[in-house]
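Here are some notes to read beside the structure, written for someone meeting it at the start of their studies. Please keep the 3D view open and find each element as it is mentioned.

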Amino acid sequence: MLYSDKVMDHFNNPRNVGVIEDADGVGEVGNPVCGDMMKITIAVDDADRITDVRFQTLGCGAAIATSSIVTEMAKGMTIQQAAAITKQQVADELGGLPPAKMHCSVLATDGLKVAVDDYLRRHGREPISGPIKSADPNFDPHADEDEHGDDGECDL
Ligand code: FES
């Protein structure tokens, strides 16, 4: 399996690892296929701008690398911009992901969406993303992937 140098860099030296104490929003998601898990905490200012992001991921190398890069992407964004980050944008930012590992990036984007919605609910506002696909027990993370498929196993 071929990973870009940037994926390997973020896997070996993940950025923004940890938990923000007294975070403004918390997102916790799991991948129903492999059981990998991710927790993300965000700090948000009065202008809805994300000022800090931290993550903890128990998962494969691609899950760790995508979690790491999504924290870098989200920092400085508004919550609306952060909630709109797609798994394809995450993969592109990393210089690409093998097709079989594309589903791993869902953890990072979904975790961020859940954290943003948590922030909004705490302030009595309507969530942006609503129900998260990966929280559905019938969710198929490979449904929108190409014919290369995936065996669902953590192999990094
Ligand atoms: S997130 Fe579990 S195999 Fe990548």
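1. The sheet is a good place to begin, and since this is a predicted model, please read every value below as computed from that model. Three strands make up an open sheet in the order β1-β2-β3, and their pairing is antiparallel. The edges are taken by β1 and β3 (50-58), each of which has a single partner strand, so one side of each is left without a neighbour in the sheet. From one strand to the next, the twist averages 15 degrees.

2. Consider next how the strands are joined. Strand β1 (residues 25-30) is linked by six bridges to strand β2 (residues 37-44), the two running antiparallel, and within this pair Glu28 stands opposite Lys39 in β2. On the other side of the pairing, eight bridges join β2 to β3, again antiparallel, and here Ile40 stands opposite Phe55 in β3.

3. The hairpin formed by β1 and β2 has six residues between the strands, and Gly35 in this hairpin takes a positive phi near 85 degrees. Another glycine with a positive phi is Gly76, which follows α2 and has a value near 95 degrees.

4. Which residues of β1 lie on its covered face, and which on its uncovered one? The covered face consists of Gly25, Gly27 and Val29, whereas Val26, Glu28 and Gly30 make up the uncovered face, so that Glu28, the residue opposite Lys39, belongs to the uncovered group.

5. Two helices should be viewed together with the sheet. Helix α2 lies across β2 and β3, running at about 175 degrees to β3, while α5 lies across β1, β2 and β3 and runs at about 145 degrees to β1.

6. Helix α2 (residues 61-74) allows a simple check of its length: at 1.5 Å a residue its 14 residues should span 20 Å, and the C-alpha atoms at its ends are 20 Å apart, which agrees. Of these 14 residues, 13 are buried, and therefore α2 is largely enclosed by the rest of the structure.

7. Finally, please look at Val106, which is placed in helix α5 (residues 105-122). Is Val106 buried or exposed? Val106 counts as buried because 24 other C-beta atoms lie within 10 Å, and the cut-off for that word is 20 or more. Although 75 residues separate Val106 from Asn31 in sequence, their C-alpha atoms are 8.1 Å apart in space.

How values were computed:
Residues numbered from 1 in each chain as written. Predicted model: local features only at pLDDT ≥ 70, side-chain atom pairs only at ≥ 80, totals over all residues. Helix = DSSP H or I, 4+ residues; strand = E, 2+ residues; numbered from the N terminus. Buried ≥ 20, exposed ≤ 12 C-beta atoms within 10 Å, placed from the backbone. Expected span 1.5 Å × (residues − 1). Pairing = 2+ DSSP bridges. Axes fitted to C-alpha atoms, helices over the stretch in contact; angles between N-to-C directions. Contact = placed C-beta atoms within 7 Å.
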